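Let's take a tour of this protein together, going from the whole chain down to a single residue. Keep the 3D view open while you read.

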Amino acid sequence: MARISTNGRQGRALLAGLGLLVLMGLGMALWLARAGPTVRVGEVTIDPRAPINPERTYRLILWEENVVLSGAGTTYRTFLEDRVEAFREVHPNVTVEFQLLPPGEAVNRLEGALASGQPPDVYGSLSPRLFDRNYQVPVDAFLPRARDGEPHFLPAAWEALTADGQVWGWPRWIRFITWAGRRSLLAGTGLDVDQAAQEGWTFPQALASLAQAGGGQMPGLLVHPQEPELVRSLMAAGGHGLMLQEGSLAWSQDAIEEVAAFLVAARQQTRMPRNLEAAARERVARFLQGRVGVITPVRPELAAHLLRTVPREELVLLPPPRPEGSPFHVPADLAAYLVFRQTPYQGDDQTRLAMELARFLIQSKDAWVSSQFPAVPALLSDQALWQREAPWPEATSQALLRWAEAAVTPSLDPDEAAVLRQMDDQVLAPWLARLWDEEAPSAWAAGLYQALLDQVPEPGG
């Protein structure tokens with residue numbers, strides 16, 4: 001009997017102990033739920049929910065790559081000053097010091113600042129990269145979420161900033177390098193211009209239409225003959241990516257030959273002038289005068305100029321054509337705000353405030369900015385404002401939204417970006433000059449493919 005009683009006491013004690021452990025576990029779970037996940041950046045662990053101290057005076061450094069606003073009636077500097085002042089009205093204990101820099105200079109300065117442990121708090125990039133894991137702060141834990149748990153951003157923009165399961169910047173907009181055409185000169189060529197703008201067009205469709213542009217009495221197409229973007233955009237439109245994939249060459253010799261054959265056929269069939277370089281210098285003037293059907297490549301700043309100088313119903317923006325049978329892809333660039341910590345670390349509240357500044361800047365501001373050139377704001381709630389502000393017809397807005405779904409964006413790897421710039425200058429530009437010298441597409445493709453392999457390894461190599 002005594003033995004049984006002792007076991008009972010031990011059992012009750014054991015149950016009480018287990019109950020205490022359960023309660024402690026529940027308490028810890030509730031505390032963790034309130035505390036939320038932390039973010040590890042280099043040697044620092046950051047609490048995304050750290051309170052901002054209203055008694056502290058904060059100083060945030062903002063660097064931005066300058067955006068050219070052609071014909072917008074204001075400068076990007078003036079517009080940014082207004083938004084920074086609006087942020088200070090919300091956070092009166094914050095001073096924001098910002099600098100606008102040319103994109104190339106800005107990247108060099110950022111890399112130097114990272115080397116010394118003193119990057120800006122926020123960096124507005126037109127070509128975002130994962131620059132340095134020791135200082136760049138992933139933004140996942142700071143991002144607002146929709147009711148269904150998904151982000152408030154275009155999926156393509158969200159995915160473009162994702163690496164290793166983390167998001168490395170606040171998406172701003174996706175913008176495109178396009179082909180620009182005149183509707184009146186493409187009418188009667190058999191091309192459904194609106195369908196081509198929405199869903200893309202193929203190499204055979206482009207050749208057939210451009211050969212008949214303007215009744216066959218003028219050039220159907222003018223290109224910049226040594227612009228690497230001409231080849232890169234056509235390769236990306238064909239589903240072959242932006243040259244590199246995980247550090248290896250993503251282009252095949254056959255795919256390069258298909259693009260080369262298209263360009264050579266376009267020169268022969270669309271009445272390009274013999275002196276392509278002189279024609280390239282005149283291509284914008286000819287387009288404005290209605291003396292060429294289509295020009296390319298058209299960068300966003302040029303497209304913004306055309307949108308304000310060519311009648312709304314006359315200008316059509318087209319994606320680069322693709323080989324027949326290829327899925328619809330559109331080469332694109334992404335803009336984003338990146339957030340960094342410094343050495344010595346300025347505190348979780350400083351980091352959270354930097355995130356608040358980045359989030360504040362993308363709201364409404366980037367909707368208006370992206371309406372100044374062919375771009376789509378990444379923040380879904382801004383798209384209605386973007387459509388109201390845009391100087392183009394509704395059909396163009398719908399086409400751009402479709403392009404955003406099919407966007408092919410650059411890698412976040414900064415080393416890969418450096419290799420691409422080198423290959424543009426040292427390989428693609430000089431080889432493009434040779435293509436127009438009547439070199440056979442097959443021989444040209446073989447030579448270019450080998451020249452590219454000399455710079456980067458083969459796929460899987």
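Of the 461 residues in the protein chain, 53% are buried. Keep in mind that you're looking at a predicted model. Its secondary structure adds up to 17 helices and 17 strands. Now think about who touches whom: if you take the contacts in the chain with a separation of 6 or more, 77% of them link residues that sit 24 or more positions apart.

**Two pairs of helices**

Here are two helix pairs to find on your screen.

| Helix pair | Angle | Distance between axes |
|---|---|---|
| α2 (residues 76–90) and α12 (residues 348–362) | about 130° | 10 Å |
| α8 (residues 228–237) and α16 (residues 414–435) | roughly 90° | within 8 Å |

Start with α2 and α12, which pack at about 130°. Angles from 65 to 115 degrees count as roughly perpendicular and those over 145 as roughly antiparallel, so α2 is oblique to α12. Their crossing is right-handed. On the α2 side, the contact is made by L80, R83, A86, F87 and V90. From α12 come L353, E356, L357, F360 and L361. What kinds of residues are these: nonpolar, polar or charged? The contact of α2 with α12 has 8 nonpolar residues, 2 charged ones and no polar ones.

Now swing over to α8 and α16, whose axes cross at roughly 90°. An angle like that falls in the range of 65 to 115 degrees, which means α8 counts as roughly perpendicular to α16. Look for P228, V231 and R232 in α8; they meet D424, L428, A429 and L432 in α16. Sort the residues of this contact and you get 5 nonpolar, 2 charged and, again, no polar ones.

**Zooming in on E314**

Time for one residue. Where does E314 lie? You'll find E314 in the loop between α11 (300–309) and β14 (315–318). Is E314 buried or exposed? The relative accessible area of E314 is 13%, and the cut-off for buried is under 20%, so E314 counts as buried.

Which residues does E314 touch, leaving out those up to four places away in sequence? They are G181, R182, R183 and S184. With S184 there's a bit extra to spot: the side chains of E314 and S184 are joined by a polar contact of 2.6 Å.

Notes: Residues are numbered from 1 along each chain as its sequence is written. This is a predicted model: local features need pLDDT of at least 70, side-chain atom pairs count only at pLDDT 80 or more; totals for chains, interfaces and linings use all residues. Side-chain values use heavy atoms; hydrogens and water are left out. Helices (H or I, at least four residues) and strands (E, at least two) are DSSP runs, numbered from the N terminus. Buried means under 20% relative accessible area, exposed over 50%, partly exposed in between (1.4 Å probe, protein chains only). A polar contact is a pair of N or O atoms within 3.5 Å; within protein, one must be able to donate a hydrogen and the other to accept it, and residues adjacent in sequence count only if both atoms are side-chain atoms. Contact means heavy atoms within 4.5 Å. Axes are lines fitted to C-alpha atoms, for helices over the stretch in contact, and angles run from 0 to 180 degrees between N-to-C directions. Angles under 35 degrees count as roughly parallel, over 145 as roughly antiparallel, 65 to 115 as roughly perpendicular and the rest as oblique. A crossing is left-handed if the near helix is turned anticlockwise from the far one by less than a right angle, and right-handed if clockwise. Ala, Val, Leu, Ile, Met, Phe, Trp, Tyr, Cys and Pro count as nonpolar, Asp, Glu, Lys and Arg as charged, and the others, Gly among them, as polar.
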